[in-house]
Amino acid sequence: MNANERLEQLERKVLELEQQMEKLRQDAGNRSGQEQERKQRETPAPYRVKDQEEPVRQGGTPHPGTARPPRPQHPAVDWEHVLAKIWLPRIFMLVLMAGMVWSFKAAVDSGLLNEPVRCLLGFAAGTFLLFWGIREQEKHRELLAQVLMGGAVGLYMLTAYAAANWYQLIPESAAFGFTVVLVVASLWLSYNYKLQGIAVIASAAGVMAPFLVRSAEPAAVFFTIYESLLYVTFLVYAIRFGFTKLFYVSFLLLHAAFAIFVLKEGHSGVLVWGVLVQHAVIAGAFFIGRLPKPQLKAFLASFALAALWSGFSLGDAGFELLMLVFTLVYASVSIVMIKRSRRQNLPYSITLGCYALLLFLFSAVHAEGALPGLLLAEGFIGYMLGQKIRSRFQKVNSLIIYALGIISSVPILIEGMERILSWNSAIWIILLSTAYGMYFLLRNQPEEAWKASGGRTILVMLSVVVLLFLTDVSNILASGFPAGIQHLSVSAVWAAYAVAVILTGMRNKHKNLRILGIALLLLTLMKVVFWDLPAVSVFVRAILFLGLGGLGVLLSRLWYREDKTSSI
C-alpha cells in the first residue's frame with residue numbers, strides 16, 4: 001500500500017467519524033429536549049423555571065404561566081455576633097458608668113471624697129477608658145473600641161459640667177473651651193480610626209457645650225453662630241466619609257439645641273438664620289451632586305423646618321419674601337440641572353420650588369377667589385412638569401397642591417353664581433380647563449398606563465364637574481323665568497350634554513365615553529322623575545318625557561347604525 005492509498009483511507013475514516021459525531025449530537029439534543037418537556041409536564045405550573053423568554057402582555061405584565069425571578073436570598077442574621085460584639089459592650093458600658101456614679105455617691109456620702117478628688121477621678125476614669133479603647137482598636141476590635149472611646153468622651157464631658165456648674169471649681173468658660181477641645185480630639189479619633197460612633201458622640205457633646213455657660217443675658221447671636229459652624233463642620237465630615245448616622249444625628253441635634261434654647265431663654269428671631277444656614281448647606285451639597293440619595297429626605301425635611309421656623313420668627317412680609325426667594329432659587333436650580341442633563345434629582349428641586357410658591361400664595365394672596373384659582377393652576381403646571389420628566393414623585397406632590405386648590409374652591413362654588421362674570425365663574429373655568437388638561441395628558445398614554453393612572457376615575461370626575469358647571473350657568477340664565485321653565489332648562493342642558501358625550505365617543509371610537517354618556521342620560525331621566533315631576537305642570541311634564549323618550553330612541557338607533565357600518 002503506497003502513501004496515496006493510505007492518505008485516502010485516513011480521509012475516509014475521518015469523514016466517517018465526523019458523521020458519527022454529528023449523529024450522536026443530534027441524538028443527545030433530542031433526548032435532552034424530550035427530558036425537558038417531560039419535566040415541565042410533571043412540574044406544576046407555578047413552580048416551573050423557564051429558560052426562554054415568555055411572551056409578555058402589553059404594559060409589562062407576564063402571562064400567568066410565566067415564572068417570576070427568584071427573590072434574592074438575604075444572609076441569615078448571626079445573633080451571636082449581634083448580641084456579643086455589638087449590644088453586649090454597649091449595655092454593660094452603661095452598667096459600668098452607672099456603677100461608677102453610685103460608687104461616687106457612696107464615697108461622697110461617707111465623706112471619703114471631696115469635690116476636687118471627685119473631678120480628678122472622673123478625668124482619670126475617662127483617660128483609662130480612652131487608652132483602653134485605643135488599645136482594643138489596634139487589635140481590630142472596632143465595636144468594643146468604639147464603645148470604650150465613646151464612654152470616655154461622655155465621662156469627660158460630664159466631669160467638666162460637674163466641675164463648672166455643680167462644684168464651681170473651674171470657670172464656665174473654661175469648661176466650654178475644654179468641651180470644644182474634646183470635640184476636636186473626638187473628631188481626630190474618628191478620622192484616624194474611621195469610627196462613626198465617636199463622631200456622633202462628639203457632635204452631641206459639641207451641641208450641648210454652650211449650655212455649660214450660664215449667663216443673665218444669653219447671647220443668642222453667639223449661640224446661633226457657634227451651632228451653625230459646628231453643624232456645617234459635621235455635615236461636611238459626614239458627607240466626606242459617608243457617615244449616614246452622623247448626617248442625620250447632627251441634622252436633628254441642631255434643631256434640638258435651638259428648641260432647648262427657646263424653652264430656657266425664650267424665642268429669638270436670630271435662631272432662624274441658623275436653620276436657614278443648615279438648609280443652604282444641604283441645598284449646596286444637593287446642587288453640586290454630593291448629597292447621596294438616602295439623604296434627600298433630610299433635604300426635604302430641612303426645607304419644611306426652615307419654613308416652619310421662618311413662619312414663627314419672621315413677619316408676614318419677611319416670610320413671603322423668603323418663600324419667593326426659595327421659589328426663584330429652586331426654579332433656577334431646576335433650569336441649570338436640565339441644561340446640564342442632571343435629571344436624576346430634578347424632581348426634588350421642582351417639588352421644593354412648587355411648595356415654596358404654595359406657601360407664598362397662602363401668605364400673600366387675600367383676594368376672594370384668587371387663591372383657589374392660583375392653586376389649581378400651580379398644581380396643573382406642576383403635574384405637567386412631572387409628566388414631562390416622568391417623575392411619579394413630582395406628579396404626586398403636584399396633585400396634593402391641586403387637591404388643596406379644589407378644597408379651597410368648594411366653599412366658593414357651593415354659594416353658586418350670582419352673575420356670569422364673577423370669581424365663581426372664573427374658578428369654574430380654571431377647574432374645567434385644568435381637569436381637562438390632566439385628562440388629555442393621561443389619555444395620550446398607552447391603555448395600560450391609562451388604567452393604572454386612574455383614567456376612568458378622572459373621566460367620571462371631569463364629567464361631574466362639567467355637569468355642575470352647566471347646572472350653575474343654566475340656573476343663572478333662567479333665573480328670571482318661572483320654576484317650571486327653570487327645571488325644564490336644566491334638564492334640557494343635561495340631556496344635551498349627555499348627547500354631546502355620546503356623539504364624541506362614537507366619533508373617536510371611545511367606548512368609555514359612550515358608556516359615560518349613557519350614564520349621564522339615565523341620570524337626567526332620574527332627575528326628571530324624582531326632582532322635576534313634583535314641581536312642574538302637566539304641560540312641562542309632557543315636553544320633558546316626549547323629549548327624553550325621543551332622544552333615547554334616536555340614540556339607540558345610532559348604535560344599530562354603528563353596528564351595521566362596522567359589519568360592512
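**Entry 1: a bend in H14**

I started with H14, which bends by about 30° at serine 408, and I noted that a proline, proline 411, follows within four residues. I should say at once that this is a predicted model.

How far apart are the end C-alpha atoms of H14? I found them 32 Å apart; at 1.5 Å a residue the 23 residues should span 33 Å, so the two values agree.

Next I looked up which residues of H14 are buried, and the list includes Gln394, Lys395, Asn397 and Ser398. Further along H14, Ile401, Tyr402, Gly405, Ser409, Ile412 and Leu413 are buried as well. A reminder to myself: an α-helix has 3.6 residues a turn, so residues three or four places apart point the same way.

Isoleucine 414 is also found in helix H14. Is it buried or exposed? Isoleucine 414 is exposed, because its relative accessible area is 66% and the cut-off for exposed is over 50%. I then checked its distance to aspartate 472, which is 58 residues apart from it along the chain: the two C-alpha atoms are separated by 9.9 Å.

**Entry 2: two positive phi values**

Just before H14 I stopped at arginine 390, in the loop between helix H13 (370-389) and helix H14 (392-414). Its phi is near 60°, a positive value in a residue other than glycine. I wrote that down because most residues other than glycine have a negative phi. Arginine 390 counts as exposed, at 77% relative accessibility.

I met another case at lysine 194, which has a positive phi of about 55° although it is not a glycine. Where does lysine 194 lie? Its place is in the loop between helix H5 (172-193) and helix H6 (196-208). With 48% relative accessibility, lysine 194 counts as partly exposed.

**Entry 3: a glycine in H6**

From that loop I moved into helix H6, where glycine 206 has its place. Glycine 206 has 0% relative accessibility, so I count it as buried. Which residues does glycine 206 touch, leaving aside its neighbours within four places in sequence? I found contacts with Val183, Tyr226 and Leu230. For leucine 230, 24 residues apart from glycine 206 along the chain, the C-alpha atoms of the pair are separated by 7.2 Å.

**Entry 4: H8 and H10**

I checked the span of H8 next. Its 22 residues should span 32 Å at 1.5 Å a residue, and the end C-alpha atoms are 32 Å apart, so this agrees. Among the buried residues of H8 are Phe247, Phe251, Phe258 and Phe261, and also Leu246, Leu253 and Leu254. Ser250, His255 and Ala257 are buried in H8 too. What do the buried residues of H8 pack against? They pack against H6, helix H7 (220-241), H9 and H10. After H8 comes glycine 266, with a positive phi near 95°.

H10 (residues 296-313) gave me another agreement: its 18 residues should span 26 Å at 1.5 Å a residue, and its end C-alpha atoms are 26 Å apart. Its buried residues include Leu296, Phe299, Phe303 and Trp309, along with serines such as Ser302, Ser310 and Ser313. The buried residues of H10 pack against helix H8 (244-265), helix H9 (271-287), H11 and H12.

Leu296 came up again when I looked at asparagine 345: leaving aside neighbours within four places in sequence, asparagine 345 is in contact with Phe286, Leu296 and Met337. Asparagine 345 lies in the loop between helix H11 (316-339) and helix H12 (346-364). At 16% relative accessibility, asparagine 345 counts as buried, because the cut-off is under 20%.

**Entry 5: a nonpolar patch**

Which residues form the nonpolar patch on the surface? I listed Ile518, Leu522, Leu523, Leu525, Met526, Val529, Phe530 and Phe545, with about 730 Å² of accessible area together. Helix H19 (residues 511-532) gives the most to this patch, with seven residues. Leucine 522 is in helix H19.

**Entry 6: the protein as a whole**

I finished with the totals. The protein has 20 helices and zero strands. Of its 568 residues, 38% are buried. Its accessible surface comes to about 34100 Å², and 66% of that belongs to carbon and sulfur atoms. What share of the contacts with a separation of 6 or more comes from residues 24 or more positions apart? I noted 65%.

Terms used:
Residues are numbered from 1 along each chain as its sequence is written. This is a predicted model: local features need pLDDT of at least 70, side-chain atom pairs count only at pLDDT 80 or more; totals for chains, interfaces and linings use all residues. Side-chain values use heavy atoms; hydrogens and water are left out. Buried means under 20% relative accessible area, exposed over 50%, partly exposed in between (1.4 Å probe, protein chains only). Patches are made of residues with over 30% relative accessible area and no salt bridge: like charges are joined within 9 Å, nonpolar side chains (Val, Leu, Ile, Met, Phe, Trp, Tyr) within 5 Å. Accessible areas come from the Shrake-Rupley method with a 1.4 Å probe; for residues, only the protein chains shown count as cover. A salt bridge is a side-chain nitrogen of Lys or Arg within 4 Å of a carboxyl oxygen of Asp or Glu. The expected span of a helix is 1.5 Å times one less than its number of residues. The bend at a residue is the angle between axes fitted to the seven residues ending there and the seven starting there. Contact means heavy atoms within 4.5 Å.
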